[in-house]
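Open the model in your viewer and keep the sequence panel beside it. The stops below say what to select and what is found there.

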Amino acid sequence: MTMTDAVDPKAELLRLRATIDNIDAALIFMLAERFRATQQVGHLKADHEMPASDPRREEQQVARLRALAEEAHLDPEFAEKWFNFVVAEVIRHHTEAAEGR
């Protein structure tokens, strides 16, 4: 009998799902914090008539996040897709802030 044979698979599944749920909750709260910070950036840019998008900064961030993903054993392509998704939303917020000024 191996160690895994002694573990109740249903109990293990519940334990793993609880871990996933906790991580998902942490991610949501971290994203909310990130958007609070980018909202401040958007208002600053709008107040000073700066462009909503900063392609050079975005390129630097993609490179940084791809390296971090590799270090964390996460697919760098996935990390880049996630970043692009988030940045598109940030730019939308920045554009709305500029239009509201």
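Begin by selecting Glu58, Gln61, Val62, Leu65, Arg66, Ala69 and Glu70 in α3, then add Pro76, Glu77, Ala79, Glu80, Trp82, Phe83, Asn84, Val87 and Ile91 in α4; these two sets of residues meet. Sorted by class, the contact of α3 with α4 holds nine nonpolar, two polar and five charged residues. This is a predicted model, and the stops that follow should be read with that in mind.

Now show the two helices whole. Helix α3 covers residues 55-71, and helix α4 covers residues 76-99. α3 and α4 pack at an angle of about 145 degrees, and their axes are 8 Å apart. The crossing of α3 and α4 is right-handed.

Next, select the loop between α3 and α4 and pick His73 in that loop. The phi of His73 is positive, about 60 degrees, although His73 is not a glycine. Is His73 buried or exposed? His73 counts as exposed because its relative accessibility is 76%, and the cut-off for exposed is over 50%.

Move to the other partner of α4. On the α2 side, select Leu31, Arg34, Phe35, Thr38, Val41, Gly42, His43, Lys45 and Ala46. On the α4 side, select Trp82, Phe83, Val86, Glu89, Val90, His93, His94, Ala97 and Ala98, which meet the α2 set. By class, the contact of α2 with α4 has 10 nonpolar, five polar and three charged residues. Trp82 and Phe83 of α4 are listed in the contact with α3 and also in the contact with α2.

How do α2 and α4 lie relative to each other? Their axes come within 9 Å and cross at roughly 40 degrees. An angle of roughly 40 degrees is neither under 35 degrees nor in the range 65 to 115, so α2 and α4 are oblique to each other. The crossing of α2 with α4 is right-handed.

Stay at this contact and centre on Thr38, which lies in helix α2. Leaving aside residues up to four places away in sequence, Thr38 touches Val90 and His94. Thr38 is buried because its relative accessible area is 14%, and buried means under 20%.

Then go to Ala98, found in helix α4 and among the residues that meet α2. Ala98 has a relative accessible area of 40%, so it is partly exposed. Draw a distance from Ala98 to Ile23: the C-alpha atoms are 34 Å apart, with the two positions 75 residues apart in sequence numbering.

Select Ile20 in helix α2, which runs over residues 9-47. Ile20 is partly exposed, at 46% relative accessibility. A C-alpha distance from Ile20 to Asp8 gives 18 Å, for two residues 12 apart along the chain.

Follow the chain past the end of α2 to Glu49, in the loop between α2 and α3. What is the sign of phi at Glu49? Glu49 has a positive phi of about 50 degrees, although Glu49 is not a glycine. With a relative accessible area of 76%, Glu49 is exposed.

Return towards the N terminus and select helix α1, residues 3-6, which includes Ala6. Ala6 is exposed, with a relative accessible area of 54%. From Ala6 to Phe85 the C-alpha distance is 43 Å, and the two residues are 79 apart in sequence.

Last, zoom out to the whole chain. The secondary structure comes to four helices and zero strands, and the elements run α-α-α-α from the N terminus on. The radius of gyration is 20 Å, well over the 13 Å that the globule rule gives for 101 residues, so the protein is more spread out than a compact globule. Along the principal axes, the C-alpha atoms fill a box of roughly 70 × 25 × 15 Å.

Colour by accessibility: of the 101 residues, 16% count as buried, and Thr38 is one of the buried residues. Among contacts between residues at least 6 apart in sequence, 60% join residues at least 24 apart.

How values were computed. Residues are numbered from 1 along each chain as its sequence is written. This is a predicted model: local features need pLDDT of at least 70, side-chain atom pairs count only at pLDDT 80 or more; totals for chains, interfaces and linings use all residues. Side-chain values use heavy atoms; hydrogens and water are left out. Buried means under 20% relative accessible area, exposed over 50%, partly exposed in between (1.4 Å probe, protein chains only). Axes are lines fitted to C-alpha atoms, for helices over the stretch in contact, and angles run from 0 to 180 degrees between N-to-C directions. A crossing is left-handed if the near helix is turned anticlockwise from the far one by less than a right angle, and right-handed if clockwise. Contact means heavy atoms within 4.5 Å. Ala, Val, Leu, Ile, Met, Phe, Trp, Tyr, Cys and Pro count as nonpolar, Asp, Glu, Lys and Arg as charged, and the others, Gly among them, as polar. Angles under 35 degrees count as roughly parallel, over 145 as roughly antiparallel, 65 to 115 as roughly perpendicular and the rest as oblique. The radius of gyration is taken over C-alpha atoms; the globule rule is 2.2 Å times the number of residues to the power 0.38.
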